[in-house]
Amino acid sequence: VKDKGRAHYRFFHTEMNESFSNAVMLESHLRRAIEMDELSLHYQPQVNLITGDIESFEALLRWNNGKFGMVPPSQFIPLAEKTGLILSIGRWVIEEACRQLNSWNNKGINTRVAINISPKQFFQSDFVGHLKWALEHFSIEPSSLEIEVTEGAMEDTRTMVSVLQEVKETGIIISVDDFGTGYSSLHYLKRFPIDILKIDQSFVREMMRNEKDAAITQTIIHLAHHLGLEVVAEGVEEEEQVNFLKKFHCQKAQGYFFSKPKGSMETEAFLLEYKKE
Ligand code: C2E
Ligand code: CA
Ligand code: CA
Ligand code: CA
């Protein structure tokens, strides 16, 4: 299963050769992805390293197009950002995550879903209004929803502080994605109402072999502890990484070591089984 996805992505890359007409075609297909019902969310568990419990899931967008097949997010997210399509796609993600949570709640499953928010979405005038509407419409407990924000989004400090403040007031959880890879990290930790830091996978990947990555990972964990924030390590693939993270009291981890992102049906089947234990 592991290599199937990758082979497919490679196929896409070489066949399309990033030519102009294909880029235009890709865009016109992406424009219709929502109405064609081609988008879906896959879910990757986030594991509490102390209890071993799955406490939450990150929702990751997938696009399965009739012509192009599975298009990787690294291809279509940048295109969606560039064309502004990310605004309607982002709204779809919010609603789909809430719809899924509602459906799971009705089956007795209570969990949290973290969704990725693109920088552009924050500067949409009705962003918070739409979040509130979705919570209300799908009867979702606000703390069941988490938004992941990247550091790059935080450039316009004034707007971000007020938008995040409003989000915080709804009770939605706020996490900083890819922490350590952006610019003004320490400064905004003081100003933004953040709940969680996610250690970028570039640090986690090499941390058992590279002393600098190990030091950076430890430092981010300590920083989170001192600031009273939760900390999540992503891209965890090996048991040694889990042991290292436990040793430094990192609360949560996510990565192929635990599970790859899985479709909603598979995730649901797992959760129903998990609930019984
Ligand atoms: P991200 O938010 O940093 O998401 C983590 C990426 O790492 C995901 O790739 C995930 O499948 C992958 N991953 C998880 N565990 C491991 C591991 O142990 N090893 C390795 N090598 N990789 C792991 P994916 O799903 O391809 O998503 C790529 C990026 O696309 C995301 O990075 C995020 O920036 C963006 N993205 C995905 N879904 C959405 C969305 O709904 N909205 C927006 N705006 N961006 C999204
Ligand atoms: Ca993320
Ligand atoms: Ca990330
Ligand atoms: Ca990333």
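**Notes on ligand 1 and the two calcium ions**

1. Let's start with Q241, which sits in helix 11 (residues 239-247). Helices here are DSSP runs of H or I with at least four residues, strands are runs of E with at least two, and both are numbered from the N terminus. Keep in mind that this is a predicted model, where local features need pLDDT of at least 70 and side-chain atom pairs count only at pLDDT 80 or more, while totals for chains, interfaces and linings use all residues. As for bookkeeping, residues are numbered from 1 along each chain as its sequence is written, chains are lettered from A and ligands numbered from 1 in the order in which they are written, and side-chain values use heavy atoms, with hydrogens and water left out.

2. Is Q241 buried or exposed? Q241 is buried, with a relative accessible area of 2%. (Buried means under 20% relative accessible area, exposed over 50%, and partly exposed in between, with a 1.4 Å probe and protein chains only.) Leaving aside residues up to four places away in sequence, Q241 touches V204, R205, M207, M208, G235 and V236; contact means heavy atoms within 4.5 Å.

3. Q241 also has a link to E237: a polar atom of the Q241 side chain is 2.7 Å from the backbone nitrogen of E237. That is a polar contact (a pair of N or O atoms within 3.5 Å; within protein, one must be able to donate a hydrogen and the other to accept it, and residues adjacent in sequence count only if both atoms are side-chain atoms).

4. E237 takes us to ligand 1, since a polar atom in the E237 side chain lies 2.5 Å from a nitrogen atom of this ligand. Look at Q44 too: an N or O atom of its side chain is 3.0 Å from a nitrogen atom of ligand 1. Y256 joins in with its backbone, where a polar atom is 2.8 Å from an oxygen atom of the ligand. On its own, ligand 1 has 800 Å² of accessible area, and the protein covers 81% of it. (Areas come from the Shrake-Rupley method with a 1.4 Å probe; for residues, only the protein chains shown count as cover.)

5. How many residues surround ligand 1? There are 21, and the closest are Q44, R62, Q201, E237 and Y256. A residue counts as near if one of its heavy atoms lies within 4 Å. By class, the shell has 9 nonpolar, 6 polar and 6 charged residues. Strand 2 gives the largest share, 4 residues.

6. Now the calcium ion (ligand 2). Its protein donors are E58 (OE), N116 (OD1), E148 (OE) and D177 (OD), at 2.1 to 2.3 Å. Donors are N, O and S atoms within 2.8 Å of the metal (3.2 Å for Na, K and Ca), and water is not among the atoms, so sites may look incomplete. E58 is in strand 2 and N116 in strand 4 (residues 112-116), so this pair ties together parts 58 residues apart in sequence. E58 is buried at 4% relative accessibility, whereas N116 is partly exposed at 31%.

7. Which residue coordinates both calcium ions? D177 does, and the two ions (ligand 3 and ligand 2) are 3.9 Å apart. The calcium ion (ligand 3) is coordinated by D177 (OD), D178 (OD) and two OE entries for E234, at 2.0 to 2.9 Å. D178 in strand 6 and E234 in strand 8 (residues 230-234) are 56 residues apart, linking distant parts of the chain. D178 is partly exposed at 23%, while E234 counts as buried at 6%.

Methods:
Ala, Val, Leu, Ile, Met, Phe, Trp, Tyr, Cys and Pro count as nonpolar, Asp, Glu, Lys and Arg as charged, and the others, Gly among them, as polar.
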